[in-house]
Amino acid sequence: MQNVLVTGGAGFIGSNFIRYLLNHDNAAHIVNLDALTYAGTLENLRNLPDEGRHTFIQGDITDPDTLAAVFTDHAIDTVVHFAAETHVDRSITGPQRFIQTNVVGTMNLLDAARQAWQKPDGAYASGVRFHHISTDEVFGALAAGEPAFDEQTSYAPRSPYAASKAASDHLVRAYFHSFGLPVTITNCSNNYGPHQFPEKLIPLMILNAVEGKPLPLYGDGQQIRDWLYVEDHCEAIYCVLEKGAVGETYGVGGENQPTNQTIVETICDILDEWLPKASFGSRRSLIHYVSDRPGHDRRYAMNIEKIRKELGWQPSEDLDSGLRKTIAWYLENSAWIESIRAKPDFQAWMEENYGRRSVLA
Ligand SMILES: Cc1cn([C@H]2C[C@H](O)[C@@H](COP(=O)(O)OP(=O)(O)O[C@H]3O[C@H](CO)[C@@H](O)[C@H](O)[C@H]3O)O2)c(=O)[nH]c1=O
């Protein structure tokens, strides 16, 4: 791994991964290709360790010419593909962008890698690798008591976002089977941690609770996600790059599976403990139950036995300490929050999304 193309490296998980790689691998040079859409920001790349090994290029994976130039100009040997539209609610109101970026963009990237790496005899340059970051949402929804998803679970995506990621996974495997491209895939559960865009549950609730704004829980708030601290996720990806077998898929989860209501109550309690007493009393009183997300998946959980047994990775962060680190980061990074709030699309989306929902209780 010498010249690593990280797509979507100005986003939440991508920027955390760049930091992780610069801290843990002293040889890799990173080329970070990011379109800087609403959720990507150069603020995520401030104060990188060993900054000289990071090159930022603003560009879109839907543009094949950009990709061809990046592979040629930077002698890329490894791709770690994060770039994606990721917010389920946005995929319900506007699926087209999800298909463009997540499906067409992934196919363009696979083509560019193949063109750059495949020799005339069909073999690939040694040591090259295309790693695709995917999600447990491709497997659909679990009912209470059903076993967690694993690498053998059939695909059953239910939102436009999940369907676009499922299509991208199938394309990555198709390029492995049809063209021999050396690929690996990870399907991760819900990430949380520093730098997450505040449209997602945990950062949204932190910011609203700090400001005394309503905390909108969708439906009955009893949905379950498997929360993975982002640094654990980055470690898992690095482990797959180092030790994972070509053609293989690995599930990555946090083994923390509370209900959404418990997550939000925990955030409220930590803030009540840390901040001066609010005039309205406990921050739990800010919780409102609002109309549900259409097709809302009830439960996700990812079985991690394969990556644990074969590669020796397991998550190390427990949810309470991970949440405390995350909340502390948001409290200490008001400049980052202001830069996100200043984005033209941010406030409009928040108002539109919540304007659509009625308060249930
Ligand atoms: C934003 C928001 C969310 N929710 C609920 C919906 C979900 O049950 C849960 C988490 O919502 P989100 O943070 O939007 O994440 P979710 O839909 O689970 O999907 C996430 O996790 C996936 C991995 O499972 C990733 O692939 C997605 O990119 C990522 O967005 O909280 C609320 O109750 N209120 C809210 O305001």
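This passage walks through a predicted model, from its central sheet to its ligand shell and a few individual residues.

Because the model is predicted, local features need pLDDT of at least 70 and side-chain atom pairs count only at pLDDT 80 or more, while totals for chains, interfaces and linings use all residues. Residues are numbered from 1 along each chain as its sequence is written. Helices (H or I, at least four residues) and strands (E, at least two) are DSSP runs, numbered from the N terminus.

A good place to begin is the sheet. Its 7 strands form an open arrangement in the order E3-E2-E1-E4-E5-E6-E10, with parallel pairing; two strands pair if DSSP finds at least two bridges between them. Strand E3 (54-58) and strand E10 (249-252) stand at the edges with a single partner strand each, so one side of each has no neighbour in the sheet. From one strand to the next, the twist averages 20 degrees.

The pairings can be followed across the sheet. Strand E2 (residues 29-34) pairs with E3 in the parallel sense over 5 bridges, and Val31 stands opposite Thr55 in E3. Further along, E4 and E5 run parallel and are joined by 4 bridges, with Val80 opposite His131 in E5. E5 is in turn joined to E6 by 6 bridges, again in parallel, and here Ser134 stands opposite Asn187 in E6. Strand E6 (residues 183-188) is linked to E10 by 4 bridges, and the two run parallel; Cys188 has Val252 of E10 as its bridge partner.

How enclosed are these strands? A residue is called buried if 20 or more other C-beta atoms lie within 10 Å of its own, exposed if 12 or fewer, and partly exposed in between, with C-beta atoms placed from the backbone. For E5, 7 of the 7 residues are buried, so this strand is largely enclosed by the rest of the structure. Both of its faces are covered: Arg129, His131, Ile133 and Thr135 lie on one side, and Phe130, His132 and Ser134 on the other. In E10, Thr249 and Gly251 point one way and Tyr250 and Val252 the other way, and all are buried.

Helices pack on this sheet. Two residues are in contact if their C-beta atoms, placed from the backbone, lie within 7 Å. Angles run from 0 to 180 degrees between N-to-C directions, and axes are lines fitted to C-alpha atoms, for helices over the stretch in contact. Helix H1 (residues 12-24) lies across strand E1 (3-7), E2, E3, strand E4 (78-81) and strand E5 (129-135), and runs at about 160 degrees to E1. Helix H4 (residues 96-117) also packs on the sheet, where it touches E1, E4 and E5; its direction makes about 175 degrees with that of E4.

The ligand is surrounded by 19 residues, of which Thr86, Thr135, Lys200, Leu201 and Tyr218 come nearest. A residue is near a molecule or strand if its C-beta atom, placed from the backbone, lies within 6 Å of it. Helix H6 (201-211) and strand E8 (215-218) each supply at least two residues of this shell, and E8 gives the most, with 3 residues. By class, the shell has 7 nonpolar, 7 polar and 5 charged residues. Here Ala, Val, Leu, Ile, Met, Phe, Trp, Tyr, Cys and Pro count as nonpolar, Asp, Glu, Lys and Arg as charged, and the others, Gly among them, as polar.

Some loop residues are also worth a look. Ile61, in the loop between E3 and helix H2 (64-74), is buried, with 26 other C-beta atoms within 10 Å. Leaving aside residues up to four places away in sequence, Ile61 touches Thr7, Leu67, Ala83, Thr101, Gly105, Asn108 and Leu109. Pro120, in the loop between H4 and E5, is exposed, because just 5 other C-beta atoms lie within 10 Å. Asp50 lies in the loop between E2 and E3 and has a positive phi of about 50 degrees although it is not a glycine. Asp50 is partly exposed, with 13 other C-beta atoms within 10 Å. His195, in the loop between strand E7 (191-192) and H6, also has a positive phi, near 75 degrees, and counts as buried with 24 C-beta neighbours inside 10 Å.
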